[in-house]
Amino acid sequence: MGNERVSVYRRIYDMVRKIPSGRVATYGQIASLVGGCSARMVGYAMAGVSDETIPWQRVINARGRISIRDPNGYSLQKAILEREGIDFDESDSVDLSVFGWEGPI
DNA sequence: ATGTTGACCGACT
DNA sequence: GAGTCGGCCAACA
């Protein structure tokens, strides 16, 4: 408790930092864990990331697909995730039951 | 202030 | 599977 001083964005980024390499989380999952924000806010927060220490690439949508519309950003995210060991099936989707993050303990 | 646009989501057709 | 819709809410014009 007692973290109301910290902005929601900061808490979103802190939660995203907890996702281990080789795992992915969904926007809604992060929003739910952080509380007080919607999946849309998480997506918006990810879009503005410039900090190298934030593993923004490990956040994908609830269907297990990459949500970036820009083709360059899309292939960048996919490439990084594949390098981390994430598998994409023939329809470019990740099996969340295999690679989905279980959450912070 | 108002309107539009998103790296969303779930329900529906 | 593909579209559409309403709800969500910050950022921007």
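This report describes how the protein in a predicted model meets DNA strands B and C, and then turns to the residue Asn61.

Residues are numbered from 1 along each chain as its sequence is written, and chains are lettered from A and ligands numbered from 1 in the order in which they are written. Because the model is predicted, local features need pLDDT of at least 70 and side-chain atom pairs count only at pLDDT 80 or more, while totals for chains, interfaces and linings use all residues; side-chain values use heavy atoms, with hydrogens and water left out.

**DNA strand B**

Fifteen residues surround DNA strand B, the closest being Tyr27, Arg40, Asn61, Ala62 and Ser67, where a residue is near a strand if one of its heavy atoms lies within 4 Å of it. By class, this surface has seven nonpolar, five polar and three charged residues, with Ala, Val, Leu, Ile, Met, Phe, Trp, Tyr, Cys and Pro counted as nonpolar, Asp, Glu, Lys and Arg as charged, and the others, Gly among them, as polar. Helix H2 (27-34) and helix H3 (39-47) each supply at least two residues, and H3 gives the most, with five; helices here are DSSP runs of H or I with at least four residues, strands are runs of E with at least two, and both are numbered from the N terminus. Of the atoms of DNA strand B within 4 Å of the protein, 41% belong to sugar or phosphate and the rest to bases.

**DNA strand C**

Around DNA strand C the residues are Tyr9, Arg40, Met41 and Tyr44, which divide into three nonpolar, no polar and one charged. Here too H3 gives the most to the surface, with three residues. Of the atoms of DNA strand C within 4 Å of the protein, 69% belong to sugar or phosphate and the rest to bases.

**Polar atom pairs with the DNA**

| Protein atom | DNA atom | Distance |
|---|---|---|
| Met46, backbone N or O | strand B, base nitrogen | 3.3 Å |
| Ser67, side-chain N or O | strand B, phosphate oxygen | 2.7 Å |
| Tyr9, polar side-chain atom | strand C, sugar or linking oxygen | 3.3 Å |
| Arg40, side-chain N or O | strand C, base oxygen | 3.4 Å |
| Tyr44, side-chain N or O | strand C, sugar or linking oxygen | 2.7 Å |

**Asn61**

Asn61, one of the residues closest to DNA strand B, is found in the loop between strand S2 (59-60) and helix H4 (71-83). Asn61 counts as buried because its relative accessibility is 16%, buried meaning under 20% relative accessible area, exposed over 50% and partly exposed in between, with a 1.4 Å probe and protein chains only. Leaving aside neighbours within four places in sequence, Asn61 is in contact (heavy atoms within 4.5 Å) with Thr26, Tyr27, Ile66, Ser67 and Leu96.

Definitions and conventions: Polar contact = N/O pair within 3.5 Å; in protein donor to acceptor, adjacent residues only side chain to side chain.
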